[in-house]
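Welcome! Have a look at the sequence and the 3D structure below, and then we will walk through a few of the contacts together.

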Amino acid sequence: MYIPSGPKGEHLFVVILGPKLLSSYGQQELYVIVPICSAIPNIEHECPLDPSCHPFLRHDSYADFSNAQIRNKSDLCEYVAKSLWRAGEDVSAAVLNRITESLFKSKRIPRYIKRDFL
């Protein structure tokens with residue numbers, strides 16, 4: 001899905017895990033979403049992605065695990081229904097697997113996601 005960022009742009013976010021029920025978050029299905037960001041030159045990223053990974057990508061990018069979020073299903077559906085966010089093209093199964101595998105190895109994933117979701 002595409003989520004607005006800044007005055008003119010939007011970021012691609014990928015839903016990588018879920019649904020999951022966690023009583024500490026209420027009784028809604030939860031998902032982990034991860035933003036895909038522009039790669040920073042001369043920095044090694046945990047999960048680099050090239051433009052061929054998704055039609056939205058125009059240059060080298062990466063899955064930014066430090067900004068991963070847990071979102072509930074009703075918020076995801078509401079934001080898309082109200083056109084605050086927009087649904088996008090799915091990533092391939094291979095790309096989704098690569099992002100998910102990298103997530104489990106990541107040292108940058110927020111602690112609350114590791115504690116509550118993984």
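Which residue forms a salt bridge with K73? The partner is E29, and the closest N and O atoms of the two are 3.6 Å apart. Keep in mind as you read that this model is predicted. The briefing below goes through charged pairs, nonpolar cores, aromatic rings and two buried residues with polar contacts.

**Salt bridges**

- Side chains of opposite charge can pair when their charged atoms come close.
- Searching the whole structure turns up five salt bridges, and three of them are described here, including the one you have just met.
- K73 sits in helix α1 and E29 in the loop between β2 and β3, so their salt bridge ties together parts that are 44 residues apart in sequence.
- Both ends of that pair are partly exposed: K73 has a relative accessibility of 39%, and E29 has one of 30%.
- E10 forms a salt bridge with R86, with 2.5 Å between the closest N and O atoms.
- This pair links distant parts of the chain, as E10 belongs to strand β2 and R86 to the loop between α1 (73–81) and α2, 76 residues apart.
- E10 is partly exposed at 27% relative accessible area, and R86 is also partly exposed, at 41%.
- R108 forms a salt bridge with E46, where the closest N and O atoms are 3.7 Å apart.
- R108 is in the loop between α2 and α3 while E46 is in the loop between β3 and β4, so this pair ties together parts that are 62 residues apart in sequence.
- R108 counts as partly exposed at 47% relative accessibility, as does E46 at 30%.

**Nonpolar cores**

- In soluble globular proteins, nonpolar side chains tend to be buried together.
- Here, the largest nonpolar core has 25 residues, and those with the most contacts inside it are I16, V32, I36, L49, F65, I99 and F117.
- Strands β2 (9–20) and β3 (30–38) and helix α2 (93–105) each supply at least two residues of this core.
- A second, separate core is made of seven residues, among them I3, F13, I33 and L76.
- Setting aside residues up to four places away in sequence, F117 touches L17, G18, K20, L22, L30, Y31, V32, I70 and Y112.
- One of these neighbours, K20, also lies over the face of F117, at 5.3 Å from the ring centre.

**Aromatic pairs**

- A pair of aromatic rings is described by the distance of the centres and the angle of the planes.
- How many aromatic pairs are there? The count comes to two.
- The rings of Y2 and F56 have centres 4.8 Å apart and planes at 45 degrees, so this pair is tilted.
- Y2 lies in strand β1 (residues 2–5) and F56 in the loop between β4 (48–49) and β5, so the pair ties together parts that are 54 residues apart in sequence.
- Y2 is buried, with a relative accessibility of 3%, whereas F56 is partly exposed at 27%.
- Y79 and W85 make an edge-to-face pair, with 4.6 Å from centre to centre and 65 degrees between the planes.
- Is W85 buried or exposed? W85 is buried, with a relative accessible area of 9%, whereas its partner Y79 counts as partly exposed at 21%.

**S61, a buried residue in a strand**

- S61 lies in strand β5 (residues 61–63).
- With a relative accessibility of 5%, S61 counts as buried, because the cut-off for buried is under 20%.
- A polar atom of the S61 side chain lies 3.0 Å from the backbone oxygen of H59.
- Leaving aside neighbours within four places in sequence, S61 is in contact with I36, C37, S38, A39, C47, P48 and L49.

**D116, a buried residue in a helix**

- D116 is found in helix α3 (residues 111–116).
- At 15% relative accessible area, D116 is buried.
- Which side chain makes a polar contact with the side chain of D116? The partner is Y25, at 2.7 Å.
- Not counting residues up to four places away in sequence, D116 touches K20, L22 and Y25.

Technical notes: Residues are numbered from 1 along each chain as its sequence is written. This is a predicted model: local features need pLDDT of at least 70, side-chain atom pairs count only at pLDDT 80 or more; totals for chains, interfaces and linings use all residues. Side-chain values use heavy atoms; hydrogens and water are left out. Helices (H or I, at least four residues) and strands (E, at least two) are DSSP runs, numbered from the N terminus. Buried means under 20% relative accessible area, exposed over 50%, partly exposed in between (1.4 Å probe, protein chains only). A polar contact is a pair of N or O atoms within 3.5 Å; within protein, one must be able to donate a hydrogen and the other to accept it, and residues adjacent in sequence count only if both atoms are side-chain atoms. Contact means heavy atoms within 4.5 Å. A nonpolar core is a set of buried Ala, Val, Leu, Ile, Met, Phe, Trp, Tyr and Cys residues joined through side-chain atoms within 4.5 Å. Rings of Phe, Tyr and Trp (its six-membered ring) pair if their centres lie within 6.5 Å; planes under 30 degrees apart count as stacked, over 60 as edge-to-face and the rest as tilted. A charge sits over a ring if NZ of Lys or CZ of Arg is within 6 Å of the ring centre and within 35 degrees of the ring normal. A salt bridge is a side-chain nitrogen of Lys or Arg within 4 Å of a carboxyl oxygen of Asp or Glu.
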